[in-house]
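Me: I am new to this one and would like to know where its labels come from. Could you take me through a few of them?

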Amino acid sequence: MIKNGKSFKCVFLSLLLILLSCFEQSVKADSVSDSDLHVVIVYSSETGKVTENIKLLDMLIGHFSPNMTFLPSSEIEEADLQNADVLFYYGEVVEVLPAKVGALFDSFTKTKVALGYNVEYLGEDYDFIQFGDNVLINELVLVEGNKKNELGDRLIFQMKDLKEAEVLVKGAGNGKEYPLFIKKNELYYHASYQIDSLFSTYLGEVFHEVFKADHPEGHPAYLRLEDIHPLTDHTIMKEIADIFIEKEIPYIISVIPIYRNPETGDEYHFGDFPKLLEVLKYMQENGGRIILHGYTHQYKADETGEGFEFWDVDANMPITVPPDETPEKKQRSDFQTEDEYLAFLAKQKAFEVEYIKTKVTKGIQDLVSYGLIPYAFEAPHYTMSQSGYEILSEHFSTYIGQLQLGDRDWQIMAPAPYATSPTFLHGMNLLPETIGYVEPDNPHAIDEMMKKAEEMTVVRDGYIAGFYHPYLGVERFKELIGRMEQIPNLQWIDLQQTSNVVQVDNITVTAEETEELSVNVEYFELLKDSPEFYNPKVKSTADNTMWLFALSAGGMVVLFVLYAVIIKIRRMRTEKGKYYG
């Protein structure tokens, strides 16, 4: 019996270990996150380079995985697909693809997605797609839920005779509906080379199907108070803060540390306006989260809050020279040798690197010196060069707003429909602004914002985020916040409850969902490297000392007056004694 009992125990323990091992393997398999997916994107563009549209695709995919490789169709090799989990092809322009592209697509047995032109060269799997004439649409329809949105007239490729394909998105026009985004097993196709505007919103939703991402439904939201600088009216800020507190809504405060008068050159700091500084600290302690919105929000002789601090808007190019100099725009053909051209580019890049790092460092130091803690960054007017994002990523883990998609033209920018980590942000997470702002002279601005918010609900986890300038007053703010509260499944985000890191020399700010906010300041090093960090404290000490002197002097005056009165009273008494004898 004992032997049998021992044998039974051994068998039982062995089975238990096997079950635990299987369970562990199952947990490991289930714990594979979206970010573990390797996505390869093959593209055809006019120049063979990554374009603004390809970066928009980067933003859409970055919601599911930041692990992306972009390759022009002429460079794709078999080795590039060895570790790929999802294979994309984006035909932005018409091109006869190399035969190896079709062969590689045929040999790839996992999920494949094609968008735009040239699908006929992607191997036998895509032979089921037959095209007719292009058709005009002015409405998009998400088949699941029958969600519809109007858009401007767009041409799409008409697909016909689809066999065993499921239509996920339709385009509608002239009373007819046409397949736009389709699925057949693990094959997907988008029948347009355009992926901007509302297309990106609908693609953002159906990409959940592509990536098998069962993200919970709900709409992360934020409202941002914009362009808060030292001359901001503290009374309006306090009223708005109290509304947020009453409603228990966390919010974002986009702060510019320095106001510079473009006519006189005079600079104003928060320390010059103690009542506003007191309100900002009050907001910070009650749900308001500060982000750095540039240093002065200007580059040349523009007013703070109006200028383009990280983009030369006059030359429409990255900032490469001081504001009082004229930048040089040169191409390779302007130089005799490649080395001369590269040296020219390196000089321009070096200036931009130093310029951005200096601005960011001073901005963070200035805020922290006043006890204001930044969580993220927002570029003035959302404008910044592509190399600027790389520089910025060394100091911030989170970027707020919209993204400039290239260095060709600052006006080519876009939001993402959800939080994302595109490759061109170099590790930063984007929390997008998606519904715009209250335009001062537009009486329908809030209605238009709500229409955009409704469009964002197409995406199961689409962001609903906008901003407001406090100088517009409290009444319009009340209307905006009230309308936003009526949106179903709204989930206000708190930057203190998300992962954020801000760092420059001698200052590190870390916010984690499960930990308290950490602010690490190396005071001794700052005293050596950046003594201006102590200006607010020196000024405060000087002010306190002056008050101490003033109070001391005032006290001495009072004592002197009391002494004089006492002496006079005694003299009068003495004189009265002599008179009455």
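Me: What order do the 3 strands of the open sheet follow, and is the pairing parallel or antiparallel?

Reply: Happy to help! This is a predicted model, and in it the order is β24-β25-β26, with antiparallel pairing.

Me: Why are β24 and β26 said to stand at the edges?

Reply: β24 (500-504) and β26 (515-521) each have a single partner strand, so one side of each has no neighbour in the sheet. From one strand to the next, the twist averages 5 degrees.

Me: What makes β24 and β25 count as a pair?

Reply: Pairing takes at least two bridges, and 5 bridges join β24 to β25 (residues 507-512). The two strands therefore count as paired. As one example, Gln503 has Thr508 in β25 as its bridge partner.

Me: Which helix packs on this sheet?

Reply: That is α7 (residues 338-369), which touches β24, β25 and β26. The direction of α7 makes about 105 degrees with that of β24.

Me: Why are α9 and α10 called roughly parallel?

Reply: The axes of α9 (residues 445-456) and α10 (residues 474-485) cross at roughly 20 degrees and come within 11 Å. Angles under 35 degrees count as roughly parallel, so α9 and α10 earn that name. The crossing of α9 past α10 is right-handed.

Me: Which residues meet where α9 and α10 touch?

Reply: From α9 come Ala445, Ile446, Asp447, Met449 and Met450, and they meet Arg476, Glu479, Leu480, Arg483 and Met484 in α10. By class, this contact has 6 nonpolar, 4 charged and no polar residues.

Methods: Residues are numbered from 1 along each chain as its sequence is written. This is a predicted model: local features need pLDDT of at least 70, side-chain atom pairs count only at pLDDT 80 or more; totals for chains, interfaces and linings use all residues. Side-chain values use heavy atoms; hydrogens and water are left out. Axes are lines fitted to C-alpha atoms, for helices over the stretch in contact, and angles run from 0 to 180 degrees between N-to-C directions. Helices (H or I, at least four residues) and strands (E, at least two) are DSSP runs, numbered from the N terminus. Angles under 35 degrees count as roughly parallel, over 145 as roughly antiparallel, 65 to 115 as roughly perpendicular and the rest as oblique. A crossing is left-handed if the near helix is turned anticlockwise from the far one by less than a right angle, and right-handed if clockwise. Contact means heavy atoms within 4.5 Å. Ala, Val, Leu, Ile, Met, Phe, Trp, Tyr, Cys and Pro count as nonpolar, Asp, Glu, Lys and Arg as charged, and the others, Gly among them, as polar.
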